[in-house]
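Visitor: I've got a structure open and want to talk through its salt bridges and a pair of helices. Could you walk me through it?

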Amino acid sequence: MNKERTSCEQTQAEGSATRKILAKQKEFLWPGHILYYKKPVPLDYGCGSWVTDVEGVRYLDFFGGILTTSVGHNHPKIVDRVGAQAGKLIHSSTLYPHENHVSLAEKIASMTPGKLQKSYFTNSGTEADELAVMAARGYTGNYELLALRHGYSGNSAVGKTLTAQSAWRVESNIVPGFKHAINPYCYRCPYKMSYPSCDLACAQDVEEVIQTTTCGRIAGMLVEPIQGVGGFITPPPGYFSRVAEIVRHYGGVMIADEVQTGFGRTGSKWFGIEHWQVEPEIMTMAKGIANGFPMGNTVTIPEVADSLAGQGHLICTFGGNPVSTAASLATIEIMEEEASPDVVHAKGVILRKALESIGENSRVVGEVRGMGLMQGIEIVVDKKSKTPAPEVVDEIFEKTRLKGLLIGKGGMYGNTLRLTPPLTITDDEIDTAIGVLQEVFCEIG
Ligand SMILES: Cc1ncc(COP(=O)(O)O)c(C=O)c1O
């Protein structure tokens, strides 16, 4: 800690340690690795809501890793549990039952809505979504699936095909069987309507896509309750229940991708889809599930999981890993003690109020949206034209970084700020972040 710098010194941050890492990054890692900031920030250690880079510069991590460090960096309880488990047994594979593995599945069954009960643990959100697609097809006997435009689902062939932003798709990796419906993007409604007089016209598009681009029977539809990489697009009330009716009418199941919205992130509820009173047949989760340890999970109603028995062996070498599951069990325990969905809701209200006040005074804030501690700010050239302004986002990024605040960005046009601090963020830390944002928006005008 004693080598930490103050935020006003941070313009000189790129020292020799950073340069060495960046040189090796360039030489030995694929160029496809996207790095935030003009001068990327190699992190060295983390504690709670704070991280410190290799030059000793300290930042408030208001992106929560990448919505991963649900209860802050290196929470002592997680460090202890992981250390104890690593000293006992690091690896078992899914070939052997393990206490942590079954206990975590039991715990998750007690948190998820409806009849969701049976888990299959993997290592990432991509794998969780891939397995969900397989399960929907196996259960329904149908092949085609729907997803939403602007969605993001991962790095594999299925993940990239489910994804509906050209920048994240790779042509050679596109597979057949997926169609995309209009997303409920009220701020830029493609029908130029407004809620509620629109009568959820975008939900009706799901039926039209099924009728016009599929053979009329579908395996299901995968949706993010709030689109994450898409820029925290938050559907209006009633949207998902209308969609679920249509999907089930055509033989499909609902798959809620809770990779970003899960585990209390949206406040008041453990999972995002619960805000829309829909009980999906399949739910996927990753990111915040284990506070940064690699883990994905696909949880289904018993009928779905049971229908897959006899359809081919499944194995996941690192699935249900004893150390990752120890981390996840500890993470959930800490959330229950320190950051329950109700606590997150209350903190989200404070953050949202402050962001709306910034928005009222700034010409470049088009919309503030999201739920709980998942808040987005869509940045535009001006409120009237609504023209996306990714270059202003880049400016905000550099300015906030210099003032010691790390944030995220996303959106189809790269013009939405994503603010997702750890769920254990304190009121003082929220104030600190708001102070920096106020200063930066004031400088931008
Ligand atoms: C909603 C959603 N689904 C799936 C994924 C893929 O997860 P992973 O990067 O762990 O493979 C992501 C990653 O950002 C995501 O945001």
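**Salt bridges and a helix pair**

Guide: Happy to, and keep in mind that this is a predicted model. A good place to begin is E378, which is buried, with a relative accessible area of 0%.

Visitor: Which side chain meets E378 in a salt bridge at 2.7 Å, N to O?

Guide: E378 sits in strand β12 (residues 374–379). Its partner lies 190 residues apart from it, in the loop between β6 (178–181) and α7 (201–213), so the pair links distant parts of the chain. At 2.7 Å, N to O, the side chain that E378 meets is R188.

Visitor: E378 also meets R369 in a salt bridge. Is R369 buried or exposed?

Guide: The salt bridge of E378 and R369 has an N to O distance of 2.9 Å. To count as buried, a residue needs to be under 20% relative accessible area. E378 passes that cut-off at 0%, and R369 likewise counts as buried.

Visitor: How many salt bridges does a search of the whole structure find?

Guide: The two that E378 makes, with R188 and with R369, are salt bridges of this model. Searching the whole structure gives a total of 16.

Visitor: What about E333: which residue does it form a salt bridge with?

Guide: E333 is in helix α10 (residues 322–338), and its partner is in helix α3 (residues 76–88), 252 residues apart. The closest N and O atoms are 2.8 Å apart. E333 is partly exposed at 28% relative accessible area, and the partner is partly exposed too, at 32%. That partner is R81.

Visitor: Which residues do shared salt-bridge partners join into one network?

Guide: E333 and R81 form a salt bridge, and both belong to the network. Bridges that share partners bring in two further names, so the network reads K77, R81, E333 and E337.

Visitor: Now the helices: how are α12 and α13 oriented to each other?

Guide: The axes of α12 (residues 390–402) and α13 (residues 427–444) come within 10 Å and cross at roughly 130 degrees. Angles over 145 would count as roughly antiparallel, and 65 to 115 as roughly perpendicular. The crossing is right-handed. Because roughly 130 degrees falls in neither range, α12 and α13 are oblique.

Visitor: How do the residues of the contact of α12 with α13 divide?

Guide: From α12 come V392, E395, I396, K399 and T400, and they meet V436, L437, V440, F441, E443 and I444 in α13. Sorted by type, the contact has seven nonpolar, one polar and three charged.

Conventions. Residues are numbered from 1 along each chain as its sequence is written. This is a predicted model: local features need pLDDT of at least 70, side-chain atom pairs count only at pLDDT 80 or more; totals for chains, interfaces and linings use all residues. Side-chain values use heavy atoms; hydrogens and water are left out. A salt bridge is a side-chain nitrogen of Lys or Arg within 4 Å of a carboxyl oxygen of Asp or Glu. Helices (H or I, at least four residues) and strands (E, at least two) are DSSP runs, numbered from the N terminus. Buried means under 20% relative accessible area, exposed over 50%, partly exposed in between (1.4 Å probe, protein chains only). Axes are lines fitted to C-alpha atoms, for helices over the stretch in contact, and angles run from 0 to 180 degrees between N-to-C directions. Angles under 35 degrees count as roughly parallel, over 145 as roughly antiparallel, 65 to 115 as roughly perpendicular and the rest as oblique. A crossing is left-handed if the near helix is turned anticlockwise from the far one by less than a right angle, and right-handed if clockwise. Contact means heavy atoms within 4.5 Å. Ala, Val, Leu, Ile, Met, Phe, Trp, Tyr, Cys and Pro count as nonpolar, Asp, Glu, Lys and Arg as charged, and the others, Gly among them, as polar.
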